[in-house]
Amino acid sequence: MQTVCASLIILALSLLSACGFFEADALYKSGSQALERGEYQECIQQLEKAKALLPSASSVIRNNLGVCYDQVGRKKDAFYEYRQAVINNHQNNAALKNFHSNWKHFKQHGILVTGASANSIIEHMGEPDFKKKASDEIGEIWGYGNDQMLVIWARHTLENHNGKVSKID
């Protein structure tokens, strides 16, 4: 009897998961159509709901959400979504391109430059995905994304003891 009950519970949970997947897929499609029409707020609403239904949302959902955030001036949110898209799938060329474009934007606008404060970087780019103590001389190595993406695009930022960036790669 316990085996039958456990099987029924597993079946019910599987059906609920499948329903969530299909709903997220429909939201992704309607959000992507809104993106194509230039209706960015609608796109954001639909894709945020899709992401909420699938916490490990697909790379494509996250990239499209990042594009919508970019279009409405939410650079920090866009950068976060591009990072997550690449972390989920480092072969998503559109997400890689968008991540690189945002990284370049931050450098060109003086946000990610030698002498920038750590607080300013976090304010504009969000918390790094990891921080590692390098040495007393160097301070911390900050990373945005994952190892594969960092090697390709982001590399790292090095901080000195004054909380200022001493080197950008």
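Student: Which residue follows α6, and what is the sign of its phi?

Tutor: G126 follows α6, and its phi is positive, near 90°. Helices here are DSSP runs of H or I with at least four residues, numbered from the N terminus. The model is predicted, so local features need pLDDT of at least 70 and side-chain atom pairs count only at pLDDT 80 or more, while totals for chains, interfaces and linings use all residues. Residues are numbered from 1 along each chain as its sequence is written, and side-chain values use heavy atoms, with hydrogens and water left out.

Student: Which residues of α6 are buried, and which are exposed on the other side?

Tutor: An α-helix has 3.6 residues a turn, so residues three or four places apart point the same way. In α6, A118, I121, I122 and M125 are buried (under 20% relative accessible area, 1.4 Å probe, protein chains only). They cover an arc of only 95° around the axis, taken from the directions from the helix axis to the C-beta atoms, and therefore lie on the same side of α6. N119 and E123, on the other side, are exposed (over 50%).

Student: Which cysteines form a disulfide?

Tutor: A disulfide is a pair of cysteine sulfur atoms within 2.5 Å. C43 and C68 form one, with their sulfur atoms 2.2 Å apart. The link is right-handed, with 85° about the S-S bond. Because C43 lies in helix α2 (residues 40–53) and C68 in helix α3 (residues 59–71), the pair ties together parts 25 residues apart in sequence. C43 is buried at 0% relative accessibility, and C68 is buried with a relative accessible area of 0%.

Technical notes:
Helices (H or I, at least four residues) and strands (E, at least two) are DSSP runs, numbered from the N terminus.
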